[in-house]
Structure formats: structure tokens, C-alpha cells
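Here is a short briefing to read alongside the model. Please keep the sequence and the 3D view open as you go.

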Amino acid sequence: MKSVAMKPIAKWCGNVSNNETNQQMMTQRIECMPHLVISYAKTLESEMEIKPLVQTVWQAAEKSGLFTPKAIKARALPFDDYVTGGTDQTFIHVEVRLFAGRTEEQKAALVKGIYDAMKAAVSPDISLSVEARDMNKATYIKD
């Protein structure tokens with residue numbers, strides 16, 4: 001098997017200490033990536049356009065100030081089969097995947113910002129949820 005050289009992934013996205021410079025903080029922000037995975041009930045496609053939803057979620061992550069625009073990746077995945085609270089209520093769920101190191105307060109503010117942006121953009125009949133998940137740097141490879 002031929003050996004392939006892998007590019008190193010971004011440095012660890014940890015908390016920035018008070019004594020670090022603004023330049024170091026910006027570097028920290030540039031190199032830290034979120035993956036925004038939007039799961040939704042496929043039946044919503046007949047009620048709304050999905051691309052603006054993806055853009056809304058992306059913009060909310062960008063507005064958080066935790067990431068540079070280039071670092072943010074968002075995608076939407078439809079589900080044909082689902083049960084929401086024992087019913088067929090439509091849903092949108094966003095999973096924010098990011099490297100460990102953010103404070104609970106930063107993650108909570110990010111999740112709330114995304115949730116609030118979605119709530120303002122979609123019908124109140126849709127079940128909404130957002131969660132942040134830390135990724136393990138040791139088990140992540142990026143090209």
C-alpha cells in the first residue's frame with residue numbers, strides 16, 4: 001500500500017488566555033472549524049426552501065464571532081422516516097461539531113444564537129433543536 005502524506009489539521013482550539021495577543025486570538029479563531037449538520041423532515045421541502053435555512057444557520061455561527069467565515073461548513077440532510085414525540089410533527093435539528101476547548105458558556109451562546117435564528121426564520125409548528133458536540137482531534141483527518 002502506498003503511503004500518503006497527510007496535511008496536519010489545525011492546531012487545538014482551546015481557550016485563549018488573558019495574556020495572549022489579539023493576533024494569537026485571531027489565529028485561534030481562523031483555525032477552529034465547526035461542522036453544522038442540519039437534519040430535517042423531508043416533508044418540509046414542500047413548505048419551505050432548504051438553502052435559505054442552511055444560510056441562516058451558517059450566518060448565526062458566523063455571527064457568534066467564534067469562527068471565520070472560511071472555517072464554517074454547513075450542510076442539510078433530509079429524513080423520510082421519523083417520529084417526533086410520538087407524532088409526525090416536522091423537525092429541524094442542528095448538530096454543531098467542533099473541536100474540544102470551547103467553554104460551556106461559548107457553546108451555550110452559539111447554540112442559542114443558532115436556535116434563535118432558526119426560530120425567527122421558520123414556522124412555529126416545526127420542532128427545533130440544536131446541540132453542540134466536541135470532536136476528538138485524534139480521530140479527525142482533513143484534506
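The notes below cover confidence, one helix and a group of aromatic rings.

This is a predicted model, in which local features need pLDDT of at least 70 and side-chain atom pairs count only at pLDDT 80 or more, while totals for chains, interfaces and linings use all residues. Residues are numbered from 1 along each chain as its sequence is written, and side-chain values use heavy atoms, with hydrogens and water left out.

**Confidence**

- The protein chain has an average pLDDT (the predictor's confidence in each residue, from 0 to 100) of 83, and 78% of the residues score at least 70.
- Residues 1–30 have a pLDDT below 50, and beyond near neighbours in sequence this stretch has 39 contacts (heavy atoms within 4.5 Å) in the model.
- Where pLDDT is low, the predicted coordinates should not be read in detail.

**Helix α3**

- Helices (H or I, at least four residues) and strands (E, at least two) are DSSP runs, numbered from the N terminus.
- Helix α3 takes in the 18 residues 104–121, and its end C-alpha atoms lie 26 Å apart, which agrees with the 26 Å expected at 1.5 Å a residue; the expected span is 1.5 Å times one less than the number of residues.
- K107, L110, V111, I114 and M118 are the buried residues of α3, where buried means under 20% relative accessible area, exposed over 50% and partly exposed in between (1.4 Å probe, protein chains only).
- These buried residues cover an arc of only 95° around the axis, which puts them on the same side of α3; the arc is that of the directions from the helix axis to the C-beta atoms.
- On the other side of α3, the exposed residues are E105, K112, K119 and A120.
- The buried residues of α3 pack against β1 (34–41), α2 (50–63), β3 (91–99) and β4 (127–135).

**Aromatic rings**

- There are 3 aromatic pairs in the structure; rings of Phe, Tyr and Trp (its six-membered ring) pair if their centres lie within 6.5 Å, and planes under 30 degrees apart count as stacked, over 60 as edge-to-face and the rest as tilted.
- F79 and F91 form a tilted pair, because their ring centres are 6.5 Å apart and their planes are at 50°.
- This pair links distant parts of the chain, with F79 in strand β2 (residues 73–79) and F91 in strand β3, 12 residues apart.
- Y82 and F91 have ring centres 5.2 Å apart and planes at 70°, so this pair is edge-to-face.
- Ring pairs join F79, Y82 and F91 into a cluster.
- F91 is buried, at 13% relative accessible area, whereas F79 is partly exposed at 37% and Y82 is partly exposed at 21%.
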